[in-house]
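Ready for some practice in reading a protein structure? Work through the exercises below one at a time, and try each task yourself before you look at the solution.

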Amino acid sequence: MSVSERVTWLRHNRVDLALHELRAADASPTRRAQRPLLILHGLGEATPAQVPSWVEWCGPVFGLDFTGHGQSTVPAGGGYSSETLLADADHALAELTGDDAERSITVVGRGLGAYVALQLAGARAPQIHGAILLDGPGLAGGATGPSSMSYTPLPTSLVGQTPDQYGLIELSRELRPADYATSFVRLANGGSPAATPIAVCATFRPMWLDAVAAAPGVADVDLADAWSLYA
Amino acid sequence: MFAYDRPVTSGAPDIERRRAAADGLDLDGHGEVPVPGAERPARSYDLEVGGLRLRVHEWGDPDAPPMLLMHGGFDFARTFDGFAPRLAAGGWRVVSWDQRGHGESEHAALYSWDGDMRDALAIFDHAISTSGDETTRPIPVVGHSKGGALMTQLADAQPHRFRCLVNMDGIPYKRNIPEMAEHERTTMLANDIAGWLDHRRAAGTKQRRPDTLTGLATRRARMNPRLPELWLQRLVTTGGELVDGDRTDPDSKDAGWRWRLDPSMRFGGFGPWRPEWMLLRLAGLPMPFLGVLGSEMEEMGWGTPPDKVAPYLPLDSRCEVLDGVGHFVHIEQPDLVAGMVLEFLGTPS
């Protein structure tokens, strides 16, 4: 299946987000309601064309193209933050749960998508039955405190392409203090229906992820165990 | 890249239409509430920056040495209508701009501190290249509120651009929240984030609520209780727009004056950034620095106690605290503050 065949367009302010259905729900009436899995790609990536081989999930599978990535809108002038991408993912959550606060999803993120998955698990804790954090582009982020990081406007010729160059630059170096990341763990632990709502499976552990993995209530496991946690 | 070759003034507003919606107030020939000492920019024009259209405003002789003036969050460059002409009278070409989503600039899809920072750099380049200089050279910079905080960070990142820096009540100290227990803080964060996400879900369809001219001025007075009524009314006619709403419905709530500010923006929010980090950058600034703080705390201010700033002032600096003055030091005391700034800037060059 091509990524463009089953796309739902979600309007997030002035951006159109592509939500790809990679595998539909099983129509069998005997089957209990299947929780959707949402895949969040890494920095500079896009939703894969089909369900990745590393996914062990029996329910429906979706992937979201973040702002400035894949088929989603490339906005003018940059201004990215993972908080905006969190709001992107929140739009997908609303769509996949039919705006029903009683329904939940499981989310798996690579790199930058792992960071956003953590944030979503904290921000919408009652609706996130598990967040799996994997290696991928954009996992590290940038400084963890004040710095003299500088700024450069890009030449006009680079504006408008996907993935958005401004997104690559800004999201690869955004502030990632560890205590900010662990505040989302506390929120997730307090509100998620899962006993251990966050599973860290990444090999690379930048400072924020090291702190998350060590926090109470977080499963530090391999990927196979993570799938069984939220099956 | 820049549109400076074809400067234009604002399109002639429909004066009669504005007068009819002025609640009986006298409007000037531009359909704006006149305030003694306030002047429209000598030149207003569009500049394309990274694909976004920003509105630039200038006061003073176009051949005079340039300086930059940056407004605060939820404000717009025309709040300098009183202050900027006084600086221009000192021999400067004062260049200001409406930040993305503010004033007459384009509403963007994304907003961030970094985005504003890059926009500011484009304005630096523009001001210098249009002054006949081919290379980057340091110029004076004045910022108010968020504009002061942002320029303080930029001065740390690119000190070679700054001849000196004036920060008008834009020194963040720390979040204005009381001491609270961990679980209370977590609950507050949860509510903040959920509130913000709910706002984002609805942002695409939001419109700012129109009001009468005096009604909108009264609403603004809640944020700026110390600003004179006439100034608040002028702000409505310079930072607001008159919308018709449904012409067939005389009771339409969609007609009237509303702020041009992007309705997707909202106060508050959350993120990894901490206001007190600004003080740490302030301490190392190499260029001459003047801080101007108002002693009266207001809703739009940062609530920074002056005695907390003193230990972080850079070596070549001074900080003036204006007693009995609020966050908008340059509107409340334009002569005093402009005089202070001109003396600090020295001879234009």
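**Exercise 1. In what pattern do helices and strands follow one another along chain A?**

Solution. Step 1: follow the sequence of chain A, and you read β-β-β-β-α-β-α-β-α-α-β-α-β-α. Step 2: check your tally, which should give 6 helices and 8 strands. Keep in mind that you are looking at a predicted model.

**Exercise 2. Find the order of the strands in the sheet of chain A, and work out which strands stand at its edges.**

Solution. Step 1: walk across the sheet from one neighbour to the next; the order is β1-β2-β4-β3-β5-β6-β7-β8 in chain A. The sheet is open, and its pairing is mixed. Step 2: look at the two ends. β1 (7-12) and β8 (218-220) of chain A each have a single partner strand, so one side of each has no neighbour in the sheet. Step 3: compare directions. Leaving direction ignored, neighbouring strands of this sheet are turned by 20° against each other on average.

**Exercise 3. Zoom in on β5 and β6 of chain A: how many bridges join them?**

Solution. Step 1: locate β5 at residues 105-110 and β6 at residues 128-134 of chain A. Step 2: count the bridges between these strands; there are 5, and the strands run parallel. Step 3: pick out one facing pair, A:V108 opposite A:I132 in β6(A).

**Exercise 4. Which strands of chain A do helices α1 and α6 touch or lie across?**

Solution. Step 1: take helix α1 (residues 82-96) of chain A. This helix packs on the sheet and touches β1, β2 (15-23), β3 (37-40), β4 (61-64) and β5 of chain A. The direction of α1(A) makes about 125° with that of β1(A). Step 2: turn to helix α6 (residues 223-230) of chain A, which lies across β5, β6, β7 (198-200) and β8 of chain A. Helix α6(A) runs at about 170° to β6(A).

**Exercise 5. Does the radius of gyration of chain A agree or disagree with that of a compact globule?**

Solution. Step 1: a compact globule with 231 residues would have a radius of gyration near 17 Å. Step 2: chain A has 17 Å, so the value agrees. Step 3: add some detail. The C-alpha trace of chain A spans about 55 × 40 × 30 Å along its principal axes, and buried residues make up 52% of the chain's 231 residues.

**Exercise 6. Describe the side of chain A that touches chain B.**

Solution. Step 1: the contact takes 40 residues from chain A and 37 residues from chain B. Step 2: find the elements involved. β1, α1 and α4 (178-191) of chain A each supply at least two residues of this side, and the largest share, 6 residues, comes from α1(A). Step 3: sort the residues on the chain A side, and you get 17 nonpolar, 16 polar and 7 charged.

**Exercise 7. Where do the domains of chain B lie, and how many residues bring them into contact?**

Solution. Step 1: the domain assignment gives domain 1 (29-175 + 274-345) and domain 2 (182-259) of chain B. Step 2: their centres, taken over C-alpha atoms, are separated by 24 Å. Step 3: 18 residues of domain 1 of chain B are in contact with 13 residues of domain 2 of chain B. On the domain 1 side, the residues divide into 7 nonpolar, 4 polar and 7 charged.

Conventions: Residues numbered from 1 in each chain as written. Chains lettered and ligands numbered in written order. Predicted model: local features only at pLDDT ≥ 70, side-chain atom pairs only at ≥ 80, totals over all residues. Pairing = 2+ DSSP bridges. Helix = DSSP H or I, 4+ residues; strand = E, 2+ residues; numbered from the N terminus. Axes fitted to C-alpha atoms, helices over the stretch in contact; angles between N-to-C directions. Contact = placed C-beta atoms within 7 Å. Nonpolar A, V, L, I, M, F, W, Y, C, P; charged D, E, K, R; others polar. Domains from an automatic or database assignment. Rg over C-alpha atoms; globule rule 2.2 N^0.38 Å. Buried ≥ 20, exposed ≤ 12 C-beta atoms within 10 Å, placed from the backbone.
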